[in-house]
Amino acid sequence: MEYQNRIDLSELKQAADAIRNEVSKVLVGQHQMVDQFLVAILTQGHLLIEGVPGVAKTLAAKLVAKTLSLDFSRIQFTPDLMPSDVLGTQIFNQLKSQFEFKQGPIFSNIVLIDEINRAPAKTQSALFEVMEERQITNDRTTYQMDLPFLVFATQNPIEQEGTYRLPEAQLDRFLFKIVVDYPNAEQEFEILQKFHGHKKIADLSQIQAVVSKAQLLAFQAQLADIQIEESLLRYISQIVHQTRNHKSLYLGASPRASIAIMQSSKAMAALSGRDFVIPEDIKEVLNPVLNHRILLSAEKEMEGTRPADVIAQIIHDTEIPR
């Protein structure tokens with residue numbers, strides 16, 4: 001007997017498939033990354049996309065943003081960028097003889113921050129309030145962001161000159177850190193085939209907006225109706241608790257990580273057409289939720305241990321609810 005959902009997720013699933021189809025017109029492979037974008041969009045979570053140059057980090061963010069009928073802005077972070085360049089500043093209006101607030105590029109629905117680790121700490125800290133509370137405060141006045149509000153940020157893990165390590169408080173505000181790897185040989189061949197003879201390697205004009213703002217807000221609201229059993233909530237809490245007491249870790253995950261795991265596992269279930277979470281949904285999101293929130297001890301870092309190795313060990317050691 002086929003299980004019947006209590007809520008209708010068919011429109012959400014069709015929208016997700018439509019986004020995947022549009023993105024695949026330009027992007028080769030990277031199906032898991034696209035699904036992680038979809039999870040972030042559904043949960044209203046911010047994304048940190050890490051990878052070496054040329055693996056389509058920025059392109060993927062632009063493609064996904066173009067499939068949504070939302071305002072989009074892009075900010076190139078540089079060492080001389082000031083907070084006012086991002087948030088906005090007070091400008092004197094001579095006609096009215098008073099100062100007026102001129103909004104910065106952060107005032108958009110989807111904000112792509114390219115090379116986020118190139119801006120100094122002062123500019124990084126300007127993002128704390130807007131990423132967590134969806135608002136900014138300027139000259140004792142609070143300005144609310146238009147929802148949905150999402151930050152897609154990219155960074156290069158290899159080049160260190162002229163970069164600044166992101167503060168832990170800011171890293172914790174990202175739902176996922178997606179690590180983008182090189183394509184395999186077959187995907188590389190497909191890329192060459194697809195773009196052979198094209199004047200423009202990435203033609204975004206062929207990408208259509210397939211999800212409206214109203215639809216997206218409705219899909220986000222549906223997540224509250226996705227069921228997750230108490231045993232699975234305990235499973236999440238046990239995993240996060242282990243990160244705080246693990247011998248290989250100097251810093252464990254915060255309660256914000258627990259909420260991120262719960263919300264993103266609900267989104268994974270919804271994208272699969274289910275109105276309930278299963279353990280596999282949780283395991284699917286653990287690495288991108290935790291890999292930027294935990295810090296290895298100095299000894300393990302010197303040994304070449306990766307955060308993913310510790311996360312895998314914790315998953316192995318934690319009993320899965322039946």
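Helix 1 contributes the largest share of the lining of the largest cavity, four residues. The structure is a predicted model, in which local features require pLDDT of at least 70 and side-chain atom pairs pLDDT 80 or more, whereas totals for chains, interfaces and linings use all residues. Residues are numbered from 1 along each chain as its sequence is written, and side-chain values rest on heavy atoms, with hydrogens and water left out.

A cavity is defined on a 1 Å grid over the protein atoms alone as a set of points where a 1.4 Å probe fits but cannot get out, and lining residues have an atom within 4 Å of a point. One cavity of 30 Å³ or more is counted. The volume of the largest cavity, taken as the space filled by probe spheres set on grid points joined across faces, edges and corners, is about 90 Å³. Its lining comprises L12, A15, A16, I19, L38, I41, L42, V211, L216, F219 and L271. Two or more of these residues come from each of helix 1 (10-23), helix 2 and helix 9 (213-222); helices (H or I, at least four residues) and strands (E, at least two) are DSSP runs numbered from the N terminus. By class, the lining has 11 nonpolar, no polar and no charged residues, where Ala, Val, Leu, Ile, Met, Phe, Trp, Tyr, Cys and Pro count as nonpolar, Asp, Glu, Lys and Arg as charged, and the others, Gly among them, as polar.

Pockets were identified on the same grid as open sets with protein on both sides within 12 Å along at least five of seven lines. The largest pocket has a volume of about 1,200 Å³. Its lining holds 40 residues, of which E50, K177, V179, N291 and P307 are the closest to the centre. Elements supplying at least two lining residues include helix 2 (31-43), strand 1 (46-50), strand 9 (174-179) and helix 14 (307-317). The lining divides into 17 nonpolar, 13 polar and 10 charged residues.

The second largest pocket encloses about 530 Å³. Among its 23 lining residues, G54, V55, A56, K57 and L59 are the closest to the centre. Helix 8 provides the largest share of this lining, four residues, and the classes are 13 nonpolar, six polar and four charged. Helix 8 spans residues 185-195 and contains E190.

The largest nonpolar core, a set of buried Ala, Val, Leu, Ile, Met, Phe, Trp, Tyr and Cys residues joined through side-chain atoms within 4.5 Å, has 71 residues, and F37, F152, I261 and L290 have the most contacts inside it. Contacts (heavy atoms within 4.5 Å) of F152, excluding residues up to four places away in sequence, are made with F37, I41, L47, I49, A61, I110, V111, L112 and I113.

Four aromatic pairs are present; rings of Phe, Tyr and Trp (its six-membered ring) pair if their centres lie within 6.5 Å, with planes under 30 degrees apart counted as stacked, over 60 as edge-to-face and the rest as tilted. The rings of F101 and F107 are edge-to-face, because their centres lie 6.0 Å apart and their planes meet at 65°. F101 and Y143 are stacked, because their ring centres are 4.4 Å apart and their planes at 20°. The latter pair links distant parts of the chain, with F101 in strand 4 (residues 98-103) and Y143 in strand 7 (residues 141-144), 42 residues apart. F101, F107 and Y143 form one aromatic cluster.

Note on methods:
Buried < 20%, exposed > 50% of the residue type's maximum accessible area, 1.4 Å probe, protein only.
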